[in-house]
Amino acid sequence: MITSSLLGSLRVARASVVVTRNLAATSKATDPIQQLFLDKIREYKQKSAGGKLVDPSPTVEKELKNELEKLEKQFGGGSGVDMTAFPSFKFEDPKLDSINEQAPAKK
């Protein structure tokens, strides 16, 4: 009997913690530093749409291009080859030598 009441109170306490955490996550930030952080995260999300680099310098773009060219040479890429696609595999059945089906029966 004591165990069931203890478990019931633990469930209520756990539920209140979850509700408190969820309410804290959805409420607006009251701390100005926290609000600034959230604003920067949202700005970064808008700038990085499409998987592009955010505010890259010309040297960074040149280095990225050079590294991608190295990878293409190393792993068989080239012009017109999509290196981001999953490779397709083609398996062929091996040719086997014929076996004499009329082997002598065991005695």
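Let's start in helix H3, which covers residues 58-74 and is where Leu 71 sits. Keep in mind that we're looking at a predicted model. Leu 71 has a relative accessibility of 40%, so it counts as partly exposed; the buried class ends at 20% and the exposed one begins over 50%.

Leu 71 doesn't face the outside alone. Together with Leu 53, Val 60, Leu 64, Leu 68, Phe 75, Val 81 and Met 83, Leu 71 makes up a nonpolar surface patch of about 700 Å².

Now for the aromatic rings. Search the whole structure and you get two aromatic pairs. One of them joins Phe 86 and Phe 89: the ring centres are 6.3 Å apart and the planes meet at 80°, so this pair is edge-to-face. The cut-off behind that label is an angle over 60 degrees. The other pair brings together Phe 89 and Phe 91, with centres 6.2 Å apart and planes at 20°, so here the rings are stacked. That label applies to planes under 30 degrees apart.

Phe 89 takes part in the edge-to-face pair with Phe 86 and in the stacked pair with Phe 91. Phe 86, Phe 89 and Phe 91 thus make one aromatic cluster.

So are these rings buried or exposed? Phe 86 is exposed, at 72% relative accessible area. Phe 89 is exposed too, with a value of 59%, and Phe 91 also falls in the exposed class.

Conventions: Residues are numbered from 1 along each chain as its sequence is written. This is a predicted model: local features need pLDDT of at least 70, side-chain atom pairs count only at pLDDT 80 or more; totals for chains, interfaces and linings use all residues. Side-chain values use heavy atoms; hydrogens and water are left out. Rings of Phe, Tyr and Trp (its six-membered ring) pair if their centres lie within 6.5 Å; planes under 30 degrees apart count as stacked, over 60 as edge-to-face and the rest as tilted. Buried means under 20% relative accessible area, exposed over 50%, partly exposed in between (1.4 Å probe, protein chains only). Patches are made of residues with over 30% relative accessible area and no salt bridge: like charges are joined within 9 Å, nonpolar side chains (Val, Leu, Ile, Met, Phe, Trp, Tyr) within 5 Å. Accessible areas come from the Shrake-Rupley method with a 1.4 Å probe; for residues, only the protein chains shown count as cover. A salt bridge is a side-chain nitrogen of Lys or Arg within 4 Å of a carboxyl oxygen of Asp or Glu. Helices (H or I, at least four residues) and strands (E, at least two) are DSSP runs, numbered from the N terminus.
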